[in-house]
Structure formats: structure tokens, C-alpha cells
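Visitor: Please show me the model, and let us then discuss the reasons behind the terms used to describe it.

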Amino acid sequence: MKKKRKNLITVAIDSPAAAGAGTQAKYIANEYKLLYLDTGKIYRFIGKLRLNNKNNFNYKFVREQIKKINLEKLKDKSLISNEIAISASIIAKDYKIRKIIKKFQLECAYNPPKKFFGSVLDGRDITSVIMKNAMFKFYITANIKIRARRRYLEFKKLNKKIDYKFVLKSLRKRDYLDKNRKFSPLKKTKDSILINTSKLSKKACFIKIKSIMDKKIKI
Ligand code: C5P
């Protein structure tokens, strides 16, 4: 990595799927002018490559694709599908794949473009592996049924044909895969602040997060 920028505001967030971490990360990025990286999208991007390139999907291929990755590519709407999410959590178990992606994540975290005052990354191993020394660490979670309902409504908005029970089942599967894998499992680190979004609105959660951050940041 090129030189790390100094005096950055760094925010690391981990959460199980559909707990509202992305929404909070976007609010944080907007409020404090930080670069936002949804690291799940990188795993989804590779999960999609795996589904579409069954014959030549190997480490070399992934490495070449990751060399060409950028934030624009991660905005691809097709990455928001249940099939790709499951494929993402399958490739996410692979240590070598996680290593290939690490560099890009570190670059975004510690060397964001000059117009940003820092970075906010969300995922499953951000507080535990990628940004262990982040200035702020949050673990955002919510009750699984509430998460499933939220994800179901998101899919419906995108006109995807899917039923609630199926969404609940696949969130359970993904929670299991993400929390029980050998490398970089999802867990709350001791130094992360727990935010449970089950009973809070998006705005109420952000007020909580902002009050924590403002105490430490002197603007
Ligand atoms: O956050 P999202 O649901 O888009 O993530 C898709 C999958 O990518 C997760 O279920 C997880 O298996 C994997 N992932 C990961 N580490 C991250 C981000 C995502 O293993 N930092």
C-alpha cells in the first residue's frame, strides 16, 4: 500500500446480513465526509464471477479481476440477489480469496481520495481483521425475523419474486456460514460498541452513533 494518510476518521462496522449496517454507514459517510466501502459487495462480485465462470474460476482469475475492481463496479444492481449472496458467503470461507481482497480494502480504509476526511467500511471482519485500529468500531445487529422482514421488503421494492420464509431461511444459512467459518468469522470484538437496530428507526440509530462519534471528534 502507498503511504497511509494521517489523522483520518476511521470507522469499522461489522454486522450480520440485513441488520441496517449499510444504511448507518452511508449516514456516517455523509455526515463526516468519509469514503464508504460496502465490503460485502466485493464478496458478492466474486460470488457472481463464480456463478458465471464455472470452468475458469480459480485464484489467478480472481486476482486478475480484483486488480481491475473499483467502486463503480460494485454499484452493479445485479449483485443484490439471494443467489449471489449465498455464493458470496461460500467463497468468503476461502482464506486465499479473503487475502486477495484485503489490499483493496486497506487502500480504501487508509488511503481514501483527498476529498474525504477518512473512511467507513462495513462487513463481517472489519473490526476484527481489516481495521483493527479504527477510531470507531461498531457491531450492528437486529433480531433475525426483523432482518428477514426488512430484506424481504427490499426485494419486493426491486420487484423480485421471493417469499418471506425463503428470505428468513437464507439469512439463517448465511448467519451460520459467516459465524462458524474458520477464517475471519463474524463476531463482536470486545472493543466494538453494540447497536441493536431491532426497535430503533434508522434516524434514531444514527443519532445514537453520531452522539458517540461527536464526543471523540472535535471539529
Ligand atoms: O454484506 P453482504 O450481505 O453483502 O455480504 C455478502 C457475504 O459476503 C456475507 O454473507 C459474507 O459471507 C461475505 N462477507 C465477508 N466479509 C466481509 C463482507 C462480506 O465474509 N467483510
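**Pairing and burial in the sheet**

Guide: In this predicted model, strands S1 and S3 run parallel and are joined by 6 bridges. Within this pairing, Val11 has Val120 of S3 as its bridge partner.

Visitor: Why are S1 and S3 called paired?

Guide: Pairing requires at least two bridges between the strands. S1 and S3 have 6 bridges, and therefore they count as a pair.

Visitor: What makes S2 and S3 a pair?

Guide: These two strands are linked in the parallel sense over 5 bridges, and the criterion is at least two, so it is met. Leu35 has Ser119 of S3 as its bridge partner.

Visitor: How do you know that S1 and S4 pair?

Guide: Strand S1 (residues 9-14) and strand S4 (residues 136-141) share 4 bridges in the parallel sense; at least two are needed, so they pair. Ile13 lies opposite Phe138 in S4.

Visitor: In what order do the 5 strands of the open sheet stand?

Guide: The order is S2-S3-S1-S4-S5, with parallel pairing.

Visitor: Why is one side of S2 and of S5 left without a neighbour in the sheet?

Guide: Strand S2 (34-38) and strand S5 (193-196) are at the edges and have a single partner strand each, so one side of each lacks a neighbour in the sheet.

Visitor: What makes strand S3 largely enclosed by the rest of the structure?

Guide: Of the 6 residues of strand S3 (residues 118-123), 6 are buried, so the strand is largely enclosed. Gly118, Val120 and Asp122 point one way, Ser119, Leu121 and Gly123 the other way, and all are buried. Each therefore has 20 or more other C-beta atoms within 10 Å of its own.

Terms used
Residues are numbered from 1 along each chain as its sequence is written. This is a predicted model: local features need pLDDT of at least 70, side-chain atom pairs count only at pLDDT 80 or more; totals for chains, interfaces and linings use all residues. A residue is buried if 20 or more other C-beta atoms lie within 10 Å of its own, exposed if 12 or fewer, and partly exposed in between; C-beta atoms are placed from the backbone.
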